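Trainee: I've got a new structure open and I'm not sure how to read it. Could you walk me through it?

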Amino acid sequence: MSLQTQTRRITVPEIRAHKGGSPVVCLTCYHAHTAKLLDNHVDLILVGDSLGMVMHGLENTLGVTLDMMITHAKAVMRGSSRALVTVDLPFGSYEESPAMAFRNAARVIQETGATAVKLEGGTRMAETIQYLTQRGIPVMGHIGLTPQMVNVQGGFRTTGRTEAEWPALEADAKAVADAGAFAVVLEGMAEPLAARITNLIAIPTIGIGASATCDGQVLVMEDMLGLNPNPPKFVRQYAQLGPAIEAAVEAYARDVRERRFPGVENVYPMKKAQ
Ligand code: KIV
């Protein structure tokens, strides 16, 4: 008989249960090897549409397609076995109608095996969030700075810096929670407002450039690892992989050019003829 260790993924109710308790640890991830490295240390992996900029060099997230999201989500699912994986619905794949959102979200869930999807928007997306959750698709909301609105807003603008903006953002948070989202990302939001919203709603708030009092935090992994030469101001860097990679490649190039590359004679020694 073989002994198998059964790993099971963290579930949506388990993430919800973090409300008011230990903070939810979340990072973005887009590929298999890094998913394996994160898996034991985070509760939630977000296959974010930020992959458009990070993996594909796009200027913003608007050019990201559903197929791109599915390709990267499959890789992340292959690399992980424990963290709950949530996949962003990209621009143009869900806004038109709840039925369209369901069709595309169901494709994500069926083709990748991920547990949940994330979509941007508060009050205006509440009907869609309810439609998906009532039909078996867990949804994470995303309010505050919503990058898919970049052209309408004329850039990426921090939200809630005047109190006049607060009622609309609080209404967004309540609408998302009441519609059945299991958590909500608060991005680029003034600290006191993010703290107020965290107290106001019954689901975990996951902050990014928001407040330390949120029920969890998310960062783009490449930003916190020092791979982005221009990370957002609020990002704390936990490693400097960019300079480390450059130094390693420089050393490799030097070895190759100076023919100091180790031969393979010891790795694959010649075999005696039989
Ligand atoms: O796409 C993304 O990475 C995100 C996070 C920044 C929350 O939505």
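**Reading the model together**

Mentor: Let's begin inside: valine 184 is buried, with a relative accessible area of 0%. Keep in mind that this is a predicted model, where local features need pLDDT of at least 70, side-chain atom pairs count only at pLDDT 80 or more, and totals for chains, interfaces and linings use all residues. Residues are numbered from 1 along each chain as its sequence is written, and side-chain values use heavy atoms, with hydrogens and water left out.

Trainee: What do buried, partly exposed and exposed mean here?

Mentor: Buried means under 20% relative accessible area, exposed means over 50%, and partly exposed is in between, using a 1.4 Å probe and protein chains only. In this protein, buried residues make up 49% of the 274 residues.

Trainee: Where is valine 184 placed?

Mentor: Valine 184 belongs to strand 6, residues 183-187. Helices (H or I, at least four residues) and strands (E, at least two) are DSSP runs, numbered from the N terminus. The protein has 11 helices and 8 strands. Valine 184 is also 17 residues from isoleucine 201 in sequence, and their C-alpha atoms are 9.8 Å apart in space.

Trainee: Is aspartate 223 buried or exposed?

Mentor: Aspartate 223 counts as buried because its relative accessibility is 9%. You'll find aspartate 223 in helix 10, residues 221-224. From aspartate 223 to proline 192 is 31 residues in sequence and 24 Å in space, C-alpha to C-alpha.

Trainee: And which residues can I use to practise the other classes?

Mentor: Try proline 231, in the loop between helix 10 and helix 11. Proline 231 has a relative accessible area of 29%, so it is partly exposed. Alanine 244 sits in helix 11 and is partly exposed too, at 41%. For an exposed case, take arginine 259, at 78%. Arginine 259 is in the segment after helix 11 (241-257), and it has a positive phi of about 50° although it is not a glycine.

Trainee: How do I get a feel for the overall dimensions?

Mentor: Look at the C-alpha trace, which spans about 80 × 50 × 35 Å along its principal axes. Pairs of residues help as well: alanine 244 and arginine 135 are 109 residues apart along the chain, with 46 Å between their C-alpha atoms. For proline 231 and leucine 132, 99 residues apart along the chain, the C-alpha separation is 33 Å.

Trainee: Now the ligand. Which residues are around it?

Mentor: A residue is near a molecule if one of its heavy atoms lies within 4 Å of it. The residues around the ligand are Thr28, Leu46, Gly48, Asp49, Ser50, Asp88, Lys118, His142, Val185 and Ile208. By class, that shell has 3 nonpolar, 4 polar and 3 charged residues. Here Ala, Val, Leu, Ile, Met, Phe, Trp, Tyr, Cys and Pro count as nonpolar, Asp, Glu, Lys and Arg as charged, and the others, Gly among them, as polar.

Trainee: Which side chains have an N or O atom beside a ligand oxygen, and at what distances?

Mentor: An oxygen atom of the ligand is 2.5 Å from an N or O atom in the side chain of serine 50. For the side chain of lysine 118, the distance from a ligand oxygen to an N or O atom is 2.9 Å, and for that of aspartate 49 it is 3.0 Å. Taken alone, the ligand exposes 260 Å², and the protein buries 94% of that; accessible areas come from the Shrake-Rupley method with a 1.4 Å probe, and for residues only the protein chains shown count as cover.

Technical notes
A polar contact is a pair of N or O atoms within 3.5 Å; within protein, one must be able to donate a hydrogen and the other to accept it, and residues adjacent in sequence count only if both atoms are side-chain atoms.
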